Number of protein chains: 2
Amino acid sequence: MSLPTRRRPPPRPSGSTASERLKEAAIIEFSDRGFHATTTRDIAARAGLSPAGVYVHFPSKEDLLYAITLDGHLAALEMLQEAATDAPSPVEALRTTVGTFAQWHAERFQDARVVQYEFPHLGHEHREHILGIRKQINAVVSDILTLGVAEGLFDVDDIPATTLAILSMAVDVCRWYDSEIKRSPESIGNDYGELAVRLVSARG
Amino acid sequence: MSLPTRRRPPPRPSGSTASERLKEAAIIEFSDRGFHATTTRDIAARAGLSPAGVYVHFPSKEDLLYAITLDGHLAALEMLQEAATDAPSPVEALRTTVGTFAQWHAERFQDARVVQYEFPHLGHEHREHILGIRKQINAVVSDILTLGVAEGLFDVDDIPATTLAILSMAVDVCRWYDSEIKRSPESIGNDYGELAVRLVSARG
DNA sequence: ACGTCACCTAAGCGCTTGCTTAGTTTCGCT
DNA sequence: AGCGAAACTAAGCAAGCGCTTAGGTGACGT
């Protein structure tokens, strides 16, 4: 194999239930090595279980990926919807939703990497289900842009395309962020909220 | 395995040399399934060779990934530098470089996915070498922003952070783009060039 | 005609994979 | 105390993995 020396730290069972520990372990391994390069033995060892112990809680490795991916998408969607609801204006809504989204992609970059990059490796049915949640995430931002344009606050040519570009900026945070980076997730969130507002503001 | 039915189309040797055919085949397979999920037998079959034929041209699967990754990075860097050199002003330079970069990430989205997402699976030495090219890519945009700020054309608080956000938008194109999408790579490039200019323009 | 060398393949080696099976331990409940 | 279910493990299976080896084949210079 091309990755010969894989150092495996001793298992530290942090979660309370075995199921949670397995998900935490799998997030670390999947985000490090990718879904297909991670073995069920890697995950079991990190969760403090025998290789067979995984299958007590999840019927397959792919189901473990699905559980993680679902958790992540639902968490992100809820954060976005809450931020959007609490905002007094479209400008503020855009700033806080994008800020929240970007902050999450930094703070929980390992979860986010699994959510964003291992998603294509889900089975067909699971992938379809997650796609529905993705559309809702998209709609949160898209609706804010539509409202802002209607109120004359935003200058946007193509709302779906701009929604995509704004979310792209935030999603990509999890690609380059890691724990050694000095900027705090909060400040990254603030910056990206501000950048999003700039993107849709009328040209000076 | 979790991907039981993998339909393998008959090999169509499009490239001229076997080495080129192998790289083309590997780009398709790596971008579809990921580096670790792709077998050397998959690649060989698509290139019209026996499994052992791969090793006549590349010493290992990881070396094949490196060759592809290097090609992609150098191509992207050259396109950026050319676009930057030809531009008459920082505004035009930013528009065309980001536009070119985004267009490439759509047009060659399979190459781009390998370049961006399989990069972490390179061996240590190869990864370090590629990192040097990435810094040059970053510098192209960063230098344009610095010049634009100096000339009073751009309003940017944090040049490295803004460089990163602009490149993020363009890089992320390869995550969602595929051949069924209606927008042409050219129009995506134009849009993203325009969005980049908006991001750095003084607030209205 | 002959040797050379690059290119390519059939066969297979040693190892790892996801997952199963058969059995043991632990725990809540009566 | 005793029991049934749930949690867990040791052992291992069939399949697939990256890569090697030994050998064949055809183009080319001489």
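## DNA strand D

In this predicted model, 58% of the atoms of DNA strand D that lie within 4 Å of the protein belong to sugar or phosphate, while the rest belong to bases. DNA strand D is surrounded by 16 residues, and the closest are A:Ser50, A:His57, B:Thr39, B:Tyr55 and B:Lys61. By class, the surface near DNA strand D comprises 6 nonpolar, 7 polar and 3 charged residues.

Bases of the strand are approached by arginine side chains from both chains: an N or O atom in the side chain of B:Arg41 is 2.9 Å from a base nitrogen of DNA strand D, and an N or O atom in the side chain of A:Arg41 is 3.4 Å from a base oxygen of DNA strand D. A phosphate oxygen of DNA strand D, in turn, lies 3.1 Å from a backbone N or O atom of B:Thr38. Two or more residues of the surface near DNA strand D come from each of helix H3 (54–57) of chain A and helix H2 (40–47) of chain B.

## DNA strand C

Around DNA strand C there are 17 residues, of which the closest are A:Thr39, A:Tyr55, A:Lys61, B:Ser50 and B:His57. Sugar or phosphate accounts for 51% of the atoms of DNA strand C within 4 Å of the protein, and bases account for the rest. The residues of the surface near this strand divide into 6 nonpolar, 7 polar and 4 charged, with helix H2 (40–47) of chain A and helix H3 (54–57) of chain B each supplying at least two of the residues.

A polar side-chain atom of A:Arg41 is placed 2.9 Å from a base nitrogen of DNA strand C, whereas a polar side-chain atom of B:Arg41 is placed 3.5 Å from a base oxygen of DNA strand C. On the backbone of the strand, a phosphate oxygen of DNA strand C lies 2.8 Å from a polar backbone atom of B:Ser50.

## Packing of H5 and H7 in chain A

Within chain A, helix H5 (residues 90–107) packs against helix H7 (residues 124–150) at an angle of about 155°, and their axes are 9 Å apart. Because angles over 145 degrees count as roughly antiparallel, H5(A) and H7(A) are therefore roughly antiparallel to each other. The crossing in which H5(A) passes H7(A) is left-handed.

From H5(A), the contact is made by A:Pro90, A:Ala93, A:Leu94, A:Thr97 and A:Phe101, and from H7(A) by A:Ile137, A:Val140, A:Val141, A:Ile144, A:Leu145, A:Leu147 and A:Gly148. These contact residues divide into 10 nonpolar and 2 polar, with no charged residue.

Notes: Residues are numbered from 1 along each chain as its sequence is written. Chains are lettered from A and ligands numbered from 1 in the order in which they are written. This is a predicted model: local features need pLDDT of at least 70, side-chain atom pairs count only at pLDDT 80 or more; totals for chains, interfaces and linings use all residues. Side-chain values use heavy atoms; hydrogens and water are left out. Axes are lines fitted to C-alpha atoms, for helices over the stretch in contact, and angles run from 0 to 180 degrees between N-to-C directions. Helices (H or I, at least four residues) and strands (E, at least two) are DSSP runs, numbered from the N terminus. Angles under 35 degrees count as roughly parallel, over 145 as roughly antiparallel, 65 to 115 as roughly perpendicular and the rest as oblique. A crossing is left-handed if the near helix is turned anticlockwise from the far one by less than a right angle, and right-handed if clockwise. Contact means heavy atoms within 4.5 Å. Ala, Val, Leu, Ile, Met, Phe, Trp, Tyr, Cys and Pro count as nonpolar, Asp, Glu, Lys and Arg as charged, and the others, Gly among them, as polar. A residue is near a molecule or strand if one of its heavy atoms lies within 4 Å of it. A polar contact is a pair of N or O atoms within 3.5 Å; within protein, one must be able to donate a hydrogen and the other to accept it, and residues adjacent in sequence count only if both atoms are side-chain atoms.
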